[in-house]
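The paragraphs below go through a structure by its charged pairs and one of its sheets. Keep the sequence and the coordinates open while reading.

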Amino acid sequence: MNRVIRQEFDVVVVGAGPAGMAAATCAAESGLHVGMVDDNPGIGGQIWRGDTVNSAAEAKPWAQRLAAAKVDVVCGTRVFGNPEAGVLLAERGPDVCELKYRKLVLATGARERFLPFSGWTLPNVMGAGGLQAMVKSGLPIEGKRIVVAGTGPLLLAAAAYLRRHRANVLMVCEQQSWTALLRFGFGLLGHQQKIRQAMSLRRDLGGTPFMPNCWPVEALGTDSLERVVIQRNGKTETIDCDYLACGFHLVPNTEIAELLGCRIRNSYVNVDEFQQTSQADIFGAGEITGIGGLDLSIVEGQIAGFAAAGNKDAARKFFKMQRNMRNFARVMDKTFALRPELKRLASPATIICRCEDVPYSRLSRHTSWRAAKLETRCGMGPCQGRVCGPATRFLFGWSPDSVRPPIFPTSLENLAVVSQPIAEHCGVAGERG
Amino acid sequence: MWKPALTEQVSVSVNGIPLAVPKGTTVAVAVLLKGASCRKSVTGQPRGPLCGMGICFECRVEISGTPHCRSCQIVCEPGMGIRTHE
């Protein structure tokens with residue numbers, strides 16, 4: 001039987017990654033009653049997933065501060081709706097949570113962008129961060145042959161992580177050219193910390209070849225992946241492997257922000273220097289405001305947490321770091337822009353929408369996301385376009401529709417369970433009016 | 001002689017076959033360890049985890065009678081009966 005669990009907070013933080021943890025901690029340390037909700041089984045987000053939240057050098061102090069600040073952590077709970085201002089609905093197992101807030105901090109992070117190519121739907125073709133997440137969740141990969149491919153700094157981080165877990169990482173294929181990457185390297189000169197990070201990744205990569213101008217064109221295998229064909233400098237090469245870890249940089253998870261009416265600019269949630277969105281009482285922090293990595297996420301989280309608590313002076317102390325790191329985020333977006341050749345990776349038969357198995361040939365005749373959705377069901381499966389949306393945006397230039405609730409599939413029972421209390425709330429509000 | 005403590009194990013079954021995994025292992029990993037794919041797509045293709053973070057829904061399996069569970073987001077608990085499409 002579904003229960004409705006009602007909780008009320010001064011501040012609710014959605015997302016328990018570094019930005020969310022920093023925001024929740026700072027708001028709670030300012031004396032507020034803070035709840036932090038996340039759909040993963042534990043805190044830490046993707047970067048500090050699993051046990052790393054208690055072992056990674058940067059994570060540990062935040063995990064300790066979070067606990068000391070008595071933040072109410074609500075994991076395994078997925079937000080799916082917003083029936084009225086100041087209330088979020090979330091699903092936890094068979095139950096529904098009704099979370100009331102005065103201020104809201106959105107720190108919903110980013111997901112990998114996946115680009116379709118022949119065979120990309122085979123089991124054991126995963127995201128670069130995807131495979132890393134599986135290893136953090138207990139997958140042993142000692143001795144497994146892995147090709148890491150796609151674009152962005154996550155490839156190096158994933159490859160280094162996989163190697164530390166004794167995988168046989170055969171190569172890292174980066175679609176971007178050396179020229180662009182070198183320019184990025186020079187762009188780092190003002191960021192000592194970033195250079196240190198890059199050097200340590202380089203060390204962890206050991207003898208693994210790093211190949212720019214290189215991308216996967218086909219994954220082959222009968223029931224799961226056996227080989228991958230890569231293209232490099234105009235030539236193709238076939239490599240036997242157990243896993244292909246392939247992602248094309250990151251895209252922000254802006255669904256909840258959009259549902260709440262926050263303004264989106266250039267695909268990101270638009271925020272001011274206090275991390276406030278276009279909606280009063282709603283703040284945004286971390287990757288949803290621009291892909292800037294761990295350090296920027298923590299800075300933005302602290303600003304958002306203090307600002308949500310009305311502690312503006314404490315927030316201001318981070319402005320200089322915020323400005324500096326945001327420049328870095330802009331450089332990164334430019335550096336890892338996708339090359340147009342990648343639009344030709346999908347053949348007419350290549351599946352673009354994995355939920356509904358819609359091939360390229362059925363989509364290419366349409367002129368908009370909406371038309372394609374209505375005609376082919378592309379983007380209408382359970383992932384609600386989270387995978388094929390960014391892909392069709394790149395392939396066809398389509399912009400997504402406005403977000404509608406529930407933003408994740410939930411049971412009819414849950415929707416029915418919540419309709420009653422919502423009606424009651426509306427009644428109360430009406431009487432007051 | 002001193003020996004490190006063994007990691008605590010959790011017993012589950014995948015398609016009826018028993019499997020012990022270290023505590024904290026997700027259901028998606030248990031399925032991969034058994035060499036199974038998670039679901040069949042609408043045109044019958046085998047699929048496995050893609051995103052690893054609950055976004056793509058490719059890792060859906062049945063857990064103790066509940067269908068469509070995103071196995072990458074659920075940690076194995078003692079006695080879980082995991083069923084893939086097979």
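Buried means under 20% relative accessible area, exposed means over 50%, and partly exposed lies in between. The model is predicted. By these cut-offs Asp39(A), with a relative accessible area of 24%, is partly exposed because the value falls between the two limits. Arg78(A) has a relative accessible area of 6% and is therefore buried. The side chains of these two residues, Asp39(A) and Arg78(A), form a salt bridge with an N to O distance of 3.2 Å. The pair links distant parts of the chain, 39 residues apart: Asp39(A) lies in the loop between β3 and α2 of chain A, and Arg78(A) in strand β5.

Over all chains, the structure holds 17 salt bridges. Another one joins Glu300(A) to Arg326(A), with the closest N and O atoms 3.3 Å apart. Here helix α9 of chain A supplies Glu300(A) and helix α11 supplies Arg326(A), 26 residues apart. Glu300(A) is buried, at 0% relative accessibility.

A further salt bridge crosses between chains, from Asp357(A), in the loop between β22 and β23 of chain A, to Arg47(B) in strand β4 of chain B. The closest N and O atoms are 2.7 Å apart, and both residues are buried. Through shared partners, salt bridges join Arg354(A), Asp357(A), Arg39(B), Arg47(B) and Glu58(B) into one network.

Chain B also has an open sheet of five strands with mixed pairing, in the order β2-β1-β7-β5-β6. The edge strands are β2 (17–22) and β6 (66–70), and the twist averages 40° from one strand to the next. Strands β1 and β2 of chain B run antiparallel and are joined by six bridges; Val10(B) has Val21(B) in β2 as its bridge partner.

Conventions. Residues are numbered from 1 along each chain as its sequence is written. Chains are lettered from A and ligands numbered from 1 in the order in which they are written. This is a predicted model: local features need pLDDT of at least 70, side-chain atom pairs count only at pLDDT 80 or more; totals for chains, interfaces and linings use all residues. Side-chain values use heavy atoms; hydrogens and water are left out. Two strands pair if DSSP finds at least two bridges between them. Helices (H or I, at least four residues) and strands (E, at least two) are DSSP runs, numbered from the N terminus. Axes are lines fitted to C-alpha atoms, for helices over the stretch in contact, and angles run from 0 to 180 degrees between N-to-C directions. A salt bridge is a side-chain nitrogen of Lys or Arg within 4 Å of a carboxyl oxygen of Asp or Glu. Buried means under 20% relative accessible area, exposed over 50%, partly exposed in between (1.4 Å probe, protein chains only).
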